[in-house]
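Open the structure in your viewer and keep the selection panel at hand. This tour goes stop by stop.

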Amino acid sequence: MITPQPETLDLLLDELTQRARLPRATYRVQFSPSFTFQHAHAIVDYLDALGISDLYASPVFKPRSGSTHGYDTVDYNAFNDALGGEDDFNALSETLRSTGLGLLLDIVPNHMGVNTENAWWMDVLKQGASSDYAQYFDISWFSANRQLDNKLLLPVLGDHFGRVLEAGELDVVYWHGDFYLHYYEHQFPLTPETYGAILRLIHDALVAGGDYEEWVALELASVIHSLDFLPPYTTQDPDEVITRQREQTIVRWRLLGLFDKSEVFRTAVDEGLRALNGTAGDSISFDALAELLERQPYRLAYWRVATDEINYRRFFDINDMAAIRIENPRVFADTHRMALRLLAEGKATGVRIDHPDGLWDPESYFQQLQEAYLTACIEQHIGEHPRTSSAIADRMRATLRASNGSQPEWALYVVVEKILSASEPLP
């Protein structure tokens with residue numbers, strides 16, 4: 001690989017820092033399934049005739065299914081398919097660019113929508129503090145309530161836990177080698193080290209049936225034995241985390257093999273889960289399920305306790321909008337990768353940041369955003385360069401010095417939203 005000359009990097013930085021696009025007049029479009037990228041494409045000429053310089057888009061990244069606003073992002077690195085997907089976005093962007101209009105992206109760095117569609121959140125529910133994403137969300141794994149040590153409180157129940165349990169509203173189900181807890185529209189993964197308790201009930205049902213192949217019982221017993229040695233979800237030891245991830249994957253493959261090859265095993269799964277899930281009106285029949293749920297990395301609770309006991313930061317008081325730790329460099333990189341690519345490719349020309357006042361350090365975030373933008377542009381044009389980081393740091397310091405206390409002239413145009421309470425001054 002040929003390394004670009006130093007002057008190439010400096011000239012590119014000169015160009016990037018001197019060509020910042022400042023919108024003259026923006027037109028906000030609220031995208032939704034009823035107003036997609038194609039609909040916006042059809043009004044570009046109209047916007048141009050109005051004298052609009054930049055289309056200001058609502059969030060375009062993947063939100064929860066059925067979202068009408070897009071601020072409940074579940075995947076920052078995928079387009080919202082309900083709006084038309086990447087091809088339609090590219091077509092809109094190209095038409096805007098050829099007409100001379102810019103495009104402002106709306107980015108939500110403070111929080112994510114959390115449900116089964118959020119892979120990071122689901123991994124935290126399944127793996128607890130050992131999850132690769134445990135530090136992505138602003139969670140207090142050790143709070144004042146010591147009963148919540150290493151647990152995430154989920155205030156989703158319509159009544160107190162005991163009443164919900166004995167009403168038979170909680171069901172454990174098998175799905176593709178894993179077990180999940182269902183509560184109406186909610187679905188929660190069970191942590192793998194607790195599979196053994198479920199599989200023992202399935203093994204009992206298998207043996208009680210009498211008509212089974214020996215290999216099925218032997219394989220099931222072996223899987224149960226291996227789970228007894230799985231490192232717990234509370235582990236922080238890197239080697240144990242790797243072992244845990246490897247062994248649970250193997251367990252899943254083995255369960256898939258049993259389920260695919262043995263009808264008797266499938267019948268035993270149904271019978272074992274029926275016994276586990278209890279019978280309404282028989283409180284003792286729910287003891288095994290209650291014990292199983294007590295061993296999960298989360299605790300289900302009545303929604304009314306959220307204000308007093310919840311141990312993750314939310315967006316205002318919305319339980320299914322969980323705050324993320326954007327100050328963590330890895331979280332920043334994973335949440336901005338796609339947006340930075342679109343900016344570097346010229347498919348977007350600026351950003352609007354939603355609720356940055358909720359961040360740990362807003363000022364550092366905005367500087368990091370400018371640095372990441374310059375890095376993405378450099379790599380888009382000349383690839384990786386050994387001087388990129390130092391050259392950008394020098395340029396950032398020079399920009400701050402040149403501002404002399406006034407608003408610096410950054411390379412990337414950024415506008416923010418800040419909601420003020422009645423007595424709150426604008427910082």
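The stops below run from the whole chain to single helices and residues.

**Whole protein**

Start with everything shown as a cartoon. This is a predicted model. Its secondary structure comes to 15 helices and 15 strands. Fit the view to the C-alpha atoms: along the principal axes they fill a box of roughly 80 × 55 × 45 Å.

Colour by burial next. Of the 427 residues, 46% are buried. Switch on the surface: about 21000 Å² is accessible, and carbon and sulfur atoms account for 51% of that. Then colour by charge. There are 35 positive and 63 negative side chains. The centres of these two sets lie 3 Å apart.

How do the contacts run along the chain? Take those between residues at least 6 apart in sequence: 73% of them join residues at least 24 apart.

**Helix α11 and its surroundings**

Select residues 287-294, which form α11. Show the side chains of Leu289, Leu292 and Leu293, the buried residues here. They are on the same side of α11, because the arc they cover around the axis is only 95 degrees.

What do the buried residues of α11 pack against? Add α6 (161-166), β8, β9, α7 (195-209), α10 (263-277) and β11 (298-302) to the selection; these elements are the answer.

**Gly177**

Stay with β8 and β9. Gly177 is in the loop between β8 (171-175) and β9 (178-183). Is Gly177 buried or exposed? It is buried, with a relative accessible area of 0%.

Now show what surrounds Gly177. Setting aside residues up to four places away in sequence, Gly177 touches Tyr195, Arg252, Leu255 and Leu256. Draw a distance to Val251 as well. The two C-alpha atoms are 7.9 Å apart, though 74 residues separate Gly177 and Val251 along the chain.

**Helix α14**

Move to residues 362-382, helix α14. The helix has 21 residues. From first C-alpha to last, α14 reaches 30 Å, close to the 30 Å expected at 1.5 Å a residue.

Show the buried side chains of α14. Aromatic names to pick out include Tyr365 and Tyr373. Leu369, Leu374, Ile378 and Ile382 are also on the list. So are Gln370, Ala372, Ala376 and Cys377.

Step past the end of the helix. Gly383 follows α14 with a positive phi, near 80 degrees.

**Thr388, between two helices' stops**

Select Thr388, which has its place in helix α15. Thr388 is buried, at 7% relative accessible area. Which residues does Thr388 contact beyond its neighbours within four places in sequence? They are Leu9, Thr375 and Ile378. Draw the C-alpha to C-alpha distance from Thr388 to Thr375: 7.0 Å, with their positions 13 residues apart in sequence.

**Helix α15**

Widen the selection to residues 388-403, the whole of α15. This helix has 16 residues and reaches 23 Å between its first and last C-alpha atoms, close to the expected 22 Å.

Which residues of α15 are buried? Show Thr388, Ala391, Ile392, Arg395, Met396, Thr399 and Ser403. Look down the axis: they cover an arc of only 140 degrees, so they fall on the same side of α15.

Finish at Asn404, just after α15, where phi is positive at about 50 degrees.

Key. Residues are numbered from 1 along each chain as its sequence is written. This is a predicted model: local features need pLDDT of at least 70, side-chain atom pairs count only at pLDDT 80 or more; totals for chains, interfaces and linings use all residues. Side-chain values use heavy atoms; hydrogens and water are left out. Helices (H or I, at least four residues) and strands (E, at least two) are DSSP runs, numbered from the N terminus. The expected span of a helix is 1.5 Å times one less than its number of residues. Buried means under 20% relative accessible area, exposed over 50%, partly exposed in between (1.4 Å probe, protein chains only). The arc is that of the directions from the helix axis to the C-beta atoms. Contact means heavy atoms within 4.5 Å. Accessible areas come from the Shrake-Rupley method with a 1.4 Å probe; for residues, only the protein chains shown count as cover. Lys and Arg count as positive and Asp and Glu as negative; His and the chain ends are not counted. The place of a charge is taken as NZ of Lys, CZ of Arg, CG of Asp or CD of Glu.
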